[in-house]
Amino acid sequence: MEGNLNQMLLMWGIVIFFSVFLKKLSVRMGLPMLLAFLFLGIVFGSDGVFKIPFENYSLAENICSFGLIFIMFSGGFGTSWKEAKHISKEAMVLSTLGVVLTAVAVGLFCMLAFNLSFSWGLLLGSVIGSTDAASVFSILRSRKLNLKDRTASLLEFESGSNDPMSYMMTLISMLMIQGDLSFGQMLGMLFAQVFWGLSVGFVVALLTQYLMRKVDVSGDGFDFVFVLGSAVTAYSLSSVLGGNSYLSVYLTGIILGNGKIKEKKEMVSFFDGLTGLMQLVIFFLLGLLSKPSELPHVAFQGLIIFFSLPLLPDLFPYSCL
């Protein structure tokens with residue numbers, strides 16, 4: 001047991017060591033850093049150079065879910081509500097109607113192009129219908145793109161708030177495949193996802209602000225730990241109540257990040273570093289799970305969908321793609 005733990009720690013130490021140099025190399029080559037982490041995982045994976053066998057999808061899901069807590073919280077914590085409030089309506093349209101239209105459009109395309117049933121096509125469209133918050137935050141903030149008309153704030157806000165609808169569309173498509181879809185259940189789950197997601201995030205953020213004003217938690221990094229605890233609390237409480245956990249975490253981050261907190265600048269730097277580490281872990285695991293040797297079997301269909309995606313906004317103007 002101890003030997004396996006030491007081997008795992010050694011592997012992660014080597015991965016982090018390589019990632020520092022890989023980040024510099026990706027910047028010089030103009031490649032996204034997350035793509036470099038994904039490639040590193042492939043190199044270590046069963047089809048790569050080191051041929052590490054890893055097929056524990058349950059463990060990978062738990063680790064990625066844990067990492068996304070801090071990625072979403074950091075994204076909200078660094079979002080300026082002063083800028084975001086001007087595009088909040090547009091962002092909500094993109095993160096709801098845009099996800100639905102994108103999922104339906106991809107589902108119809110797959111049904112026509114590959115002779116799939118609409119329910120299976122809708123499942124595929126639901127999975128890829130929402131923008132990835134980790135990638136959006138990483139690209140926009142690392143490259144400091146000067147986008148016009150508050151486009152950067154719009155993209156960040158949309159990517160952080162589209163999970164409830166994407167989750168619901170995925171669930172709906174799975175229920176359609178199983179033939180067990182109730183319209184009432186669908187509306188109830190959607191309401192619970194949004195209601196509890198927003199409510200828990202709002203309450204936890206206000207409670208955290210109140211406790212930080214009344215109780216002196218500063219010094220020796222305990223204020224950092226306290227804020228991290230609020231993110232974990234928002235995630236877990238929302239999950240227990242049936243809400244969207246990532247929406248709660250993101251809202252908690254927005255409220256705390258735009259409030260009066262001691263050592264906020266230091267916290268931003270801390271969360272940036274933590275987010276970078278979590279992104280490394282997540283995309284490395286995705287690369288570790290992937291098997292490039294199996295890609296030729298689905299490459300043609302995948303490329304067809306990939307090249308068709310830019311055409312979807314012409315048909316559906318509110319598509320979040």
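**Exercise 1. The whole chain**

Of the 321 residues of the protein, what percentage count as buried? Then describe the helices, strands and contacts.

*Solution.* Keep in mind that this is a predicted model.
- Step 1: 42% of the 321 residues count as buried.
- Step 2: Turning to secondary structure, the protein has 15 helices and 0 strands.
- Step 3: Take the contacts with a separation of 6 or more; 77% of them join residues 24 or more positions apart.

**Exercise 2. Two packed helices**

Work out how helix α2 and helix α13 are arranged, and what kinds of residues make their contact.

*Solution.*
- Step 1: Locate the pair: α2 covers residues 33-44 and α13 covers residues 264-289. Their axes lie 7 Å apart, at an angle of about 45 degrees.
- Step 2: Classify the angle. Values under 35 degrees count as roughly parallel and 65 to 115 as roughly perpendicular, and α2 and α13 are therefore oblique to each other.
- Step 3: Add the handedness: the crossing of α2 and α13 is right-handed.
- Step 4: Look at who takes part. From α2 the contact includes Met33, Phe37 and Gly41, and from α13 it includes Gly276, Phe283 and Leu288.
- Step 5: Sort the residues of this contact: 12 are nonpolar, 4 are polar and none is charged.

**Exercise 3. The nonpolar cores**

Find the largest nonpolar core, then follow one of its residues outward.

*Solution.*
- Step 1: The largest nonpolar core holds 54 residues. Trp12, Val15, Phe73, Met267, Phe271 and Phe284 have the most contacts inside it.
- Step 2: Helix α13 gives the most to this core, namely 12 residues.
- Step 3: Pick Phe73. Leaving out residues up to four places away in sequence, Phe73 touches Val227, Ser230, Ala231, Val249, Thr252, Gly253, Leu256 and Phe271.
- Step 4: Another core, of 8 residues, lies apart from the largest one; Val99, Ala103, Met165 and Met168 are among its members.

**Exercise 4. Two residues, two settings**

Is leucine 154 buried or exposed, and is asparagine 115 buried or exposed?

*Solution.*
- Step 1: Leucine 154 sits in helix α8 (residues 151-161). Its relative accessible area is 18%, so leucine 154 is buried, as the cut-off is under 20%.
- Step 2: Not counting residues up to four places away in sequence, leucine 154 touches Ile87, Glu90, Ala91 and Leu94. Glutamate 90 is 64 residues away along the chain, yet the two C-alpha atoms are separated by 7.5 Å.
- Step 3: Asparagine 115 belongs to the loop between α5 (88-114) and α6 (118-128). Its relative accessibility is 70%, so asparagine 115 counts as exposed.
- Step 4: Check the backbone too: phi of asparagine 115 is near 60 degrees, a positive value in a residue other than glycine.

Definitions and conventions
Residues numbered from 1 in each chain as written. Predicted model: local features only at pLDDT ≥ 70, side-chain atom pairs only at ≥ 80, totals over all residues. Heavy atoms only, no water. Axes fitted to C-alpha atoms, helices over the stretch in contact; angles between N-to-C directions. Helix = DSSP H or I, 4+ residues; strand = E, 2+ residues; numbered from the N terminus. Parallel < 35°, antiparallel > 145°, perpendicular 65-115°, else oblique. Left-handed = near helix turned anticlockwise from the far one by under 90°. Contact = heavy atoms within 4.5 Å. Nonpolar A, V, L, I, M, F, W, Y, C, P; charged D, E, K, R; others polar. Core = buried A, V, L, I, M, F, W, Y, C linked by side-chain atoms within 4.5 Å. Buried < 20%, exposed > 50% of the residue type's maximum accessible area, 1.4 Å probe, protein only.
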